[in-house]
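Reader: I am new to this structure and should like to learn how its features are read. Could you take me through them in order, beginning with the open spaces?

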Amino acid sequence: MNDICRMKIIPLSEGTFTIDKTKQFVPFDDGTDVLKARPVGSLLVEIQPFVVITSKDVLLIDTGLGFSDGNGVMQLHKNLKEAGIDPGSITKVLMSHLHKDHAGAVSEDSDRSRLCFPGATYYVQERELDYALDKGLPSYLPEEIQALKGASNVVLLTEDHGLIDNYIEYQVTGAHSMFHQVFWIREEEEIIFFGADDAPQLPQMKQRYAAKYDHDGKKAMELRKQWWEKGAEEKWTFLFYHDFKTPVLKA
Ligand SMILES: [Zn+2]
């Protein structure tokens with residue numbers, strides 16, 4: 001086997017946050033903050049988009065919170081550069097769903113009419129976009145994602161299931177959000193799986209737990225079980241967007 005062909009995975013952590021029923025993401029410093037001091041029911045989550053470099057593409061998977069620093073530089077762009085990736089080299093942006101912690105850097109913080117990756121092709125479920133624009137706060141920020149409508153470099157997916165460029169499979173699950181989708185990226189004998197918020201953290205793969213924050217928590221729970229079993233069989237590499245310990249796991 002030739003090592004040069006292997007896909008490269010780069011997690012781009014934006015930090016650890018707590019989130020409660022107000023759906024506000026509050027930064028959490030492991031060294032100084034105490035989880036118990038946060039409102040009851042607060043969840044501790046990492047926010048981390050991924051870059052996957054394949055033989056054909058530099059893929060960006062989900063786009064993080066979309067925060068920028070005092071100089072108007074997007075954190076995602078900064079994180080990409082620190083990882084040695086020119087933001088202009090991203091060829092495809094895959095969106096699992098459009099909740100604000102996944103879709104923040106779809107467009108520029110300083111000008112929401114401009115997409116952050118004008119040279120890339122964005123892949124978005126059209127029904128998720130329509131739902132998000134209609135529904136709005138607190139889970140969606142329409143101004144962040146409005147620019148996806150009508151842009152020439154956006155592919156609005158209308159099917160529940162399909163293939164992008166013959167090697168990236170998408171499947172609408174409707175579990176975490178009504179039109180949430182997951183991805184498998186296949187190259188040579190490797191399979192990378194991104195379950196996004198249907199499979200956000202490693203511990204949830206191992207315990208049976210239906211989350212109240214999901215659109216269909218029971219379905220997400222069943223899917224996690226199926227994926228965990230199939231992934232073990234087929235040696236998938238799992239990407240966990242919200243896991244602060246194990247962003248990437250090879251089964
Ligand atoms: Zn979500």
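Author: Let us begin with a term. A pocket is an open set of grid points with protein on both sides within 12 Å along at least five of seven lines. Please bear in mind that the model discussed here is predicted.

Reader: What is the volume of the largest pocket?

Author: Rolling a probe the size of a water molecule over the atoms shows where empty space is left. In this model the largest pocket has a volume of about 1,000 Å³.

Reader: Which residues lie nearest the centre of the largest pocket, and which elements give two or more residues to its lining?

Author: The lining comprises 37 residues, and those nearest the centre are Ile-19, Lys-23, Leu-43, Tyr-213 and Asp-214. Two or more residues come from each of strand S4 (43-46), helix H2 (100-103) and helix H3 (126-135). Strand S4 contributes the most, with three residues. By character, the lining divides into 16 nonpolar, 12 polar and nine charged residues.

Reader: What is notable about the backbone of Lys-23?

Author: Lys-23 has a positive phi of about 65 degrees, although it is not a glycine. This residue is found in the loop between strand S2 (16-19) and strand S3 (25-27). With a relative accessibility of 26%, Lys-23 counts as partly exposed.

Reader: Is Gly-41, in the loop between S3 and S4, buried or exposed?

Author: Gly-41 counts as exposed, at 57% relative accessibility. Its C-alpha atom is separated by 6.1 Å from that of Asp-20, although the two residues are 21 apart along the chain.

Reader: I should now like to turn to the metal site. Which residues are the protein donors of the zinc ion?

Author: The donors are His-97 through NE2, His-99 through ND1, His-176 through NE2 and Asp-197 through OD, and they lie 2.2 to 2.4 Å from the ion. Along the chain they follow the spacing H-x1-H-x76-H-x20-D. Two of these donors may be placed by their accessibility: His-97 is buried, with a relative accessible area of 1%, and His-99 is buried as well, at 12%.

Reader: How is the geometry of the site of the zinc ion classed?

Author: Ideal angles at a metal are 109.5 degrees for four tetrahedral donors. To count as tetrahedral, four donors need all angles between 85 and 135 degrees. Here the angles among the four donor atoms run from 87 to 176 degrees, and the site is irregular.

Reader: Let us consider the strands. Why is strand S13 described as largely enclosed?

Author: In a regular strand the side chains alternate between the two faces of the sheet. Five of the five residues of strand S13 (residues 190-194) are buried, so the strand is largely enclosed by the rest of the structure. Both faces are covered: Glu-190, Ile-192 and Phe-194 are buried on one side, and Ile-191 and Phe-193 on the other.

Reader: In which sense does S13 pair with S12 and with S14?

Author: Strand S12 (residues 181-187) runs antiparallel to S13, and five bridges join them. Within this pair, Phe-183 stands opposite Phe-194. The hairpin of S12 and S13 has two residues between the strands, and Glu-188 takes a positive phi near 50 degrees there. With strand S14 (residues 237-239), S13 pairs in the parallel sense over three bridges, and Phe-194 stands opposite Leu-239.

Reader: Where is Gln-181 found, and is it buried or exposed?

Author: Gln-181 is found in strand S12 and counts as buried, at 0% relative accessibility. The C-alpha atoms of Gln-181 and Gln-125 are separated by 7.7 Å, with their positions 56 residues apart along the chain.

Reader: Which strand pairs with S12 over five bridges in the antiparallel sense, apart from S13?

Author: Strand S11 (168-172) does so, and Ile-168 stands opposite Ile-185 in S12. Four of the five residues of S11 are buried, so this strand too is largely enclosed by the rest of the structure. S11 is also joined by four bridges to strand S10 (161-164), and these two run antiparallel.

Reader: Is Asn-166, in the loop between S10 and S11, buried or exposed?

Author: Asn-166 is exposed, with a relative accessible area of 68%. It has a positive phi of about 65 degrees although it is not a glycine.

How values were computed: Residues numbered from 1 in each chain as written. Predicted model: local features only at pLDDT ≥ 70, side-chain atom pairs only at ≥ 80, totals over all residues. Heavy atoms only, no water. 1 Å grid on protein atoms, 1.4 Å probe; cavity = no way out; pocket = protein on both sides within 12 Å on 5 of 7 lines; lining within 4 Å. Points joined across faces, edges and corners; volume = space filled by probe spheres on them. Nonpolar A, V, L, I, M, F, W, Y, C, P; charged D, E, K, R; others polar. Buried < 20%, exposed > 50% of the residue type's maximum accessible area, 1.4 Å probe, protein only. Pairing = 2+ DSSP bridges. Donors = N, O, S within 2.8 Å, 3.2 Å for Na, K, Ca; no water. Tetrahedral: all angles 85-135°; square planar, octahedral: opposite > 155°, others 65-115°.
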